Amino acid sequence: MIRNGHGAAGGAEPPGPGGRRAVRVWCDGCYDMVHYGHSNQLRQARAMGDYLIVGVHTDEEISKHKGPPVFTQEERYKMVRAIKWVDEVVPAAPYVTTLETLDKYSCDFCVHGNDITLTVDGRDTYEEVKAAGRYRECRRTQGVSTTDLVGRMLLVTKAHHSGQEISSEYREYADSFGKCPGGRNPWTGVSQFLQTSQKIIQFASGKEPQPGETVIYVAGAFDLFHIGHVDFLEKVHGLAERPYVIAGLHFDQEVNHYKGKNYPIMNLHERTLSVLACRYVSEVVIGAPYAVTAELLDHFKVDLVCHGKTEIVPDKDGSDPYQEPKRRGIFCQIDSGSDLTTDLIVQRIIKNRLEYEARNQKKEAKELAFLESRRRQEAQPETGSDCDL
C-alpha cells in the first residue's frame, strides 16, 4: 500500500521559498513509450526548481533524427501531462535545445539525464546550453530503457521477469539489436531494475484520504503503463469532486494467469512506480488480490469500484472477481474512449520490427562516432607550449 500525490497539471506557478522568484526548469525529449525511467528524470528535474516545463518533440523531428516513434505526438503529449511532477507541457519543442528556447519560456536552466542525445549529423543537442552554463544533469534510472522494453515485448517466453533461461533465438536477436557503444549488450533477458524502499518513497507522497473525499478503487495489471490507462484513470478521477483513487496491482503470476504469453512485460515493482507517477492515482496496493473482497472494500472504506470495458476474466474458481462490489451496488464500468491496450502496443512493435531495429542501429552508430570524435580530441596533444624542448 503506497500513498501518492494527485495534483493537477497547469496550476498556478508557486513562488519560491521565502517569496523569491520561482526557479523554472526546462526538460525536453521524445518521451516515446514513457516508463518510470522518464518519470524519475522528471521527478529529479522538478526537485531542482519550483516549476517544471517539459518540451516534447514532434513525430517529424524524431523520425528525422532517430527514426519512427512508437507513439504519436498527441499520445506522447498526453502521457507527459499525466506525470505528476510536470507543471506544463510544450508541444512541438525543437530537437536541439537552445538559449532562445530557455529564454522564451523564462527557464533558468535545462535538465537531462547522463546519456548522449545527438542530432542526425552527430552533434550534441545540448551543446549551446552547456557552453552557457545553463545545463544540469540528473542520474539515469538503471535497469530500464525503451530498447529493453521493446526487447521484452518481442520475447515469446516469460524470461524477462522469471529469470528462466532465454532461448537461443532471442540471444541471437538481442546480439543484433541492443548493443551499446563498444559492443556491450544491455539485455540479459531479465529485468535489471532493483526496487528499493527509497525509490518507492521518492515516488509516493504518503497522503491519506481526507474527510469528504470519495475513495475509488480500480485494479489490474497496468502493464507498460500507457495512454489507455491514463484515459481510464482520468475518467475515474473525474467521477467525484474530491476523488481519492486507489490502484490495486496484481502479482506477476496472477497477470500471467489471465493474460498468458509473456505478460506482464514489466514486473510488479516496475509497474508500481509507473502507476505512482500518474497524477490521477492517490495510492497503490502492491500485489492486490484478484477478487475485490469484502475485506478489501471495508479496509480501505471504498465508496466506488471501477473497471474499464476490457473483458473481466473469471477468478480461478469461476466466480466474478467483482461480485462483492456489484452486490453492494458500488460497481461501475467506465468507457475511457481509448481502444489502446498493451496487446496493441506489442502489435505495433512487431509490425514495425525492422524499422525499430534500423532506428536503434542508427542511434548507436551516431553515439559511437561521437564518442570516438571526443576521444580523439582529448588525446590530441597541445601545440605551441613554452615547455616544448
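These legends describe close-up views of a predicted model.

Residues are numbered from 1 along each chain as its sequence is written, and side-chain values use heavy atoms, with hydrogens and water left out. Because the model is predicted, local features need pLDDT of at least 70 and side-chain atom pairs count only at pLDDT 80 or more, while totals for chains, interfaces and linings use all residues.

**View 1. The whole chain has 16 helices and 11 strands.** Helices (H or I, at least four residues) and strands (E, at least two) are DSSP runs, numbered from the N terminus. Of the 389 residues in the chain, 52% are buried. Buried means under 20% relative accessible area, exposed over 50%, and partly exposed in between (1.4 Å probe, protein chains only). A contact means heavy atoms within 4.5 Å. Among contacts between residues at least 6 apart in sequence, 78% join residues at least 24 apart.

**View 2. The largest nonpolar core holds 63 residues.** Such a core is a set of buried Ala, Val, Leu, Ile, Met, Phe, Trp, Tyr and Cys residues joined through side-chain atoms within 4.5 Å. Val54, Met153, Val218 and Leu233 have the most contacts inside it. Helix H10 (residues 227–237) gives the largest share of this core, 5 residues. A second, separate core has 15 residues, including Tyr217, Ile246, Val292 and Leu296. Leaving aside residues up to four places away in sequence, Val218 touches Phe232, Leu233, Val236, Val245, Ile246, Ala247, Gly248 and Cys306.

**View 3. Helix H6 packs against helix H15.** H6 spans residues 146–154 and H15 spans residues 342–351. Their axes are 10 Å apart and meet at an angle of about 95°. Axes are lines fitted to C-alpha atoms, over the stretch in contact for helices, and angles run from 0 to 180 degrees between N-to-C directions. The two helices are therefore roughly perpendicular. That label covers 65 to 115 degrees; under 35 counts as roughly parallel, over 145 as roughly antiparallel, and the rest as oblique. H6 contributes Val150, Met153 and Leu154 to the contact, and H15 contributes Ile345, Val346, Ile349 and Ile350. The contact residues divide into 7 nonpolar, no polar and no charged. Ala, Val, Leu, Ile, Met, Phe, Trp, Tyr, Cys and Pro count as nonpolar, Asp, Glu, Lys and Arg as charged, and the others, Gly among them, as polar.

**View 4. Helix H12 is largely enclosed by the rest of the structure.** It spans residues 268–276, and 8 of its 9 residues are buried. These are Leu268, Glu270, Arg271, Thr272, Leu273, Ser274, Val275 and Leu276. Asn267 caps the N-terminal end of H12, with a side-chain oxygen 3.0 Å from the backbone nitrogen of His269.

**View 5. Arg271 of H12 is buried, at 0% relative accessibility.** A polar atom of the Arg271 side chain lies 3.1 Å from the backbone oxygen of Met266. Residues touched by Arg271 include Asp223, Asp252, His250 and Pro264.

**View 6. Gly67 sits in the loop between helix H2 (59–65) and helix H3 (73–81).** Gly67 is buried, with a relative accessible area of 6%. Its C-alpha atom is 7.6 Å from that of Glu355, 288 residues apart along the chain.

**View 7. Gly113 lies in strand S5 (residues 109–113).** Gly113 is buried, at 8% relative accessible area. Gly113 and Leu42 are 71 residues apart in sequence and 9.6 Å apart, C-alpha to C-alpha.

How values were computed. Polar contact = N/O pair within 3.5 Å; in protein donor to acceptor, adjacent residues only side chain to side chain.
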